[in-house]
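Work through the exercises below with the structure open. Try each task before reading its solution.

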Amino acid sequence: MEAPPSRRQAGAAVIALGIGWLLGPGGLGFLRPALMEDGGLVESVGEMALLVCLFCIGLRLRMPLALSCWRTPLRLSTLSFLVTAVLAAAAGHLVLNMSLTHALLLGFIVAPTEAVFASDGHFPTEADDDAAVTLAAESGINNGLAPAAVGWVLGMIGLLGTDSQAIGSLSLLVAWAVLGGVLLGWLIGAGMARAITLLDPERQADFLEETVVFSTAALAYGAALALRADGFMAVFIAGIALSHGGRLRHPLRNRPLMPRVARVAAVLERVTWLGVIVLVGALLGNVEFHARMLVFALLLLLLLRPLAVRLGLGQVAMSAAQWRTVAWCCSRGVAPVYCLAFALNHGLSAPFARELTGATLVVVVTSVIASAIAALPLSRPSPGTVDL
């Protein structure tokens with residue numbers, strides 16, 4: 001009997017982690033990446049990987065664009081994301097002996113969940129499909145917000161050329177970045193969806209549609225950079241706009257995009273994600289590991305995430321199975337790696353940079369292993385994914 005996609009993907013993540021470690025300085029030494037020395041390259045790789053994953057998740061996320069459907073993901077990706085970051089900062093201050101501002105930076109780096117892992121339905125058997133789609137939507141949004149939040153903290157501690165007295169101005173810039181990214185992403189995605197209809201009304205040219213679809217990501221990101229908006233959020237929203245044909249109330253039974261586009265997006269996002277996991281494995285050879293980092297990771301994944309979900313959702317009605325699935329979603333991946341490299345490239349002191357690197361990578365590795373264990377029971381992919 002063939003293993004379900006979720007189990008295969010979970011096993012692939014652990015294997016990718018092992019391959020990375022084997023090829024890195026901890027093993028054969030074929031790869032020798034170091035965040036302190038190669039921060040610019042790792043940041044570029046992480047940036048590209050995050051853009052690809054967010055856009056592909058947006059393309060495959062077919063949740064109806066109604067407030068009733070998006071209320072839970074929005075609360076998780078804003079309130080629970082913020083609570084997770086604050087609680088992680090408190091844990092970093094107490095367990096890792098970081099200053100409060102440094103601990104807050106760590107909190108925002110490790111707070112975002114992994115969009116690709118969530119979208120593939122790596123959940124226990126009792127989890128239902130709604131929880132899987134909710135987690136995919138939550139991860140897409142908080143992955144888009146995380147870089148802006150990290151930039152805000154860096155500005156607050158004076159590492160982005162921002163005076164501490166100008167934190168109010170910085171906050172307004174961050175707010176514009178997020179809102180501008182959402183607006184630009186939707187306008188560009190909706191416009192390109194209209195272009196597909198005009199260029200190929202009979203929907204017969206796979207290559208033409210794929211070209212227009214994947215060029216949309218570059219256009220959205222470029223426009224966001226030009227207007228100082230959040231490019232990650234713009235790319236994610238552009239993908240959603242395309243998947244819904246640029247209409248707020250498009251009936252999902254009439255798929256706006258050809259199935260081949262969704263299949264290509266699924267393969268692309270998974271390959272990209274696994275590539276980042278290999279990079280994480282290779283980076284482990286240069287990490288200064290301390291037992292307190294593992295304690296921090298376990299606290300974050302086993303205690304702080306469920307607590308943040310409870311506080312963020314409040315009285316939102318969810319079944320017990322849904323709540324367990326959402327609360328115990330602990331996967332971390334592409335977004336923390338990019339945010340870590342971005343922070344390291346903005347003048348952090350060497351001792352703190354080493355500790356930040358170690359804590360972040362330990363969280364990512366622990367989350368990958370924990371998510372793989374959670375996927376061991378037979379499970380089914382969510383309807384928002386493509387079964388390859």
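The exercises that follow concern helix packing, burial and backbone angles in a predicted model.

**Exercise 1. Classify how helix 11 and helix 14 are oriented to each other, and state the handedness of their crossing.**

Solution.
Step 1. Two packed helices are described by the angle between their axes and the distance between the axes.
Step 2. Helix 11 covers residues 291–313, and its axis comes within 9 Å of that of helix 14, crossing at roughly 50°.
Step 3. An angle under 35 degrees would count as roughly parallel, and one from 65 to 115 as roughly perpendicular. The angle here is roughly 50°, so the two helices are oblique to each other.
Step 4. The crossing of helix 11 with helix 14 is right-handed.
Step 5. On the helix 11 side, the contact is made by Arg292, Met293, Leu294, Phe296, Ala297, Leu298, Leu300 and Leu301. On the helix 14 side, it is made by Glu355, Gly358, Ala359, Val362, Val363, Thr366 and Ser367.
Step 6. Sorted by type, the residues of this contact are 10 nonpolar, three polar and two charged.

**Exercise 2. Do the same for helix 4 and helix 14, and sort the contact residues by type.**

Solution.
Step 1. Helix 4 covers residues 100–110, and its axis lies 10 Å from that of helix 14, at an angle of about 30°.
Step 2. The cut-off for roughly parallel is an angle under 35 degrees, so helix 4 is roughly parallel to helix 14.
Step 3. This crossing is right-handed.
Step 4. His102, Leu105, Leu106, Ile109 and Val110 of helix 4 meet Phe352, Leu356, Ala359, Thr360 and Val363 of helix 14.
Step 5. These residues divide into eight nonpolar, two polar and no charged.

**Exercise 3. Is Thr360 buried or exposed, and which residues is it in contact with beyond its neighbours within four places in sequence?**

Solution.
Step 1. Thr360 lies in helix 14, which runs over residues 350–374.
Step 2. Its relative accessible area is 1%. Buried means under 20%, so Thr360 is buried.
Step 3. Setting aside neighbours within four places in sequence, Thr360 is in contact with Leu106, Ile109, Val110, Pro336 and Leu340.
Step 4. Among these, Leu106, Ile109 and Val110 also appear in the contact of helix 4 with helix 14.

**Exercise 4. How many disulfides does the structure have, and how accessible are Cys69 and Cys339?**

Solution.
Step 1. A search of the whole structure finds zero disulfides.
Step 2. Cys69 has a relative accessibility of 30%, so it counts as partly exposed.
Step 3. Cys339 has a relative accessible area of 0%, so it is buried.

**Exercise 5. Describe the phi angle of Asn97 and of Arg228, and say where each residue lies.**

Solution.
Step 1. Phi of Asn97 is near 60°, a positive value in a residue other than glycine.
Step 2. Asn97 sits in the loop between helix 3 (67–95) and helix 4. At 68% relative accessibility, Asn97 counts as exposed.
Step 3. Arg228, likewise not a glycine, has a positive phi near 60°.
Step 4. Arg228 is placed in the loop between helix 8 (206–226) and helix 9 (231–243). Its relative accessibility is 67%, so Arg228 counts as exposed.

**Exercise 6. Locate Gly275 and give the separation of its C-alpha atom from that of Gly46.**

Solution.
Step 1. Gly275 belongs to helix 10, residues 259–283.
Step 2. With a relative accessible area of 39%, Gly275 is partly exposed.
Step 3. Gly275 and Gly46 are 229 residues apart along the chain, and their C-alpha atoms are separated by 10.0 Å.

Key. Residues are numbered from 1 along each chain as its sequence is written. This is a predicted model: local features need pLDDT of at least 70, side-chain atom pairs count only at pLDDT 80 or more; totals for chains, interfaces and linings use all residues. Side-chain values use heavy atoms; hydrogens and water are left out. Helices (H or I, at least four residues) and strands (E, at least two) are DSSP runs, numbered from the N terminus. Buried means under 20% relative accessible area, exposed over 50%, partly exposed in between (1.4 Å probe, protein chains only). Contact means heavy atoms within 4.5 Å. Axes are lines fitted to C-alpha atoms, for helices over the stretch in contact, and angles run from 0 to 180 degrees between N-to-C directions. Angles under 35 degrees count as roughly parallel, over 145 as roughly antiparallel, 65 to 115 as roughly perpendicular and the rest as oblique. A crossing is left-handed if the near helix is turned anticlockwise from the far one by less than a right angle, and right-handed if clockwise. Ala, Val, Leu, Ile, Met, Phe, Trp, Tyr, Cys and Pro count as nonpolar, Asp, Glu, Lys and Arg as charged, and the others, Gly among them, as polar. A disulfide is a pair of cysteine sulfur atoms within 2.5 Å.
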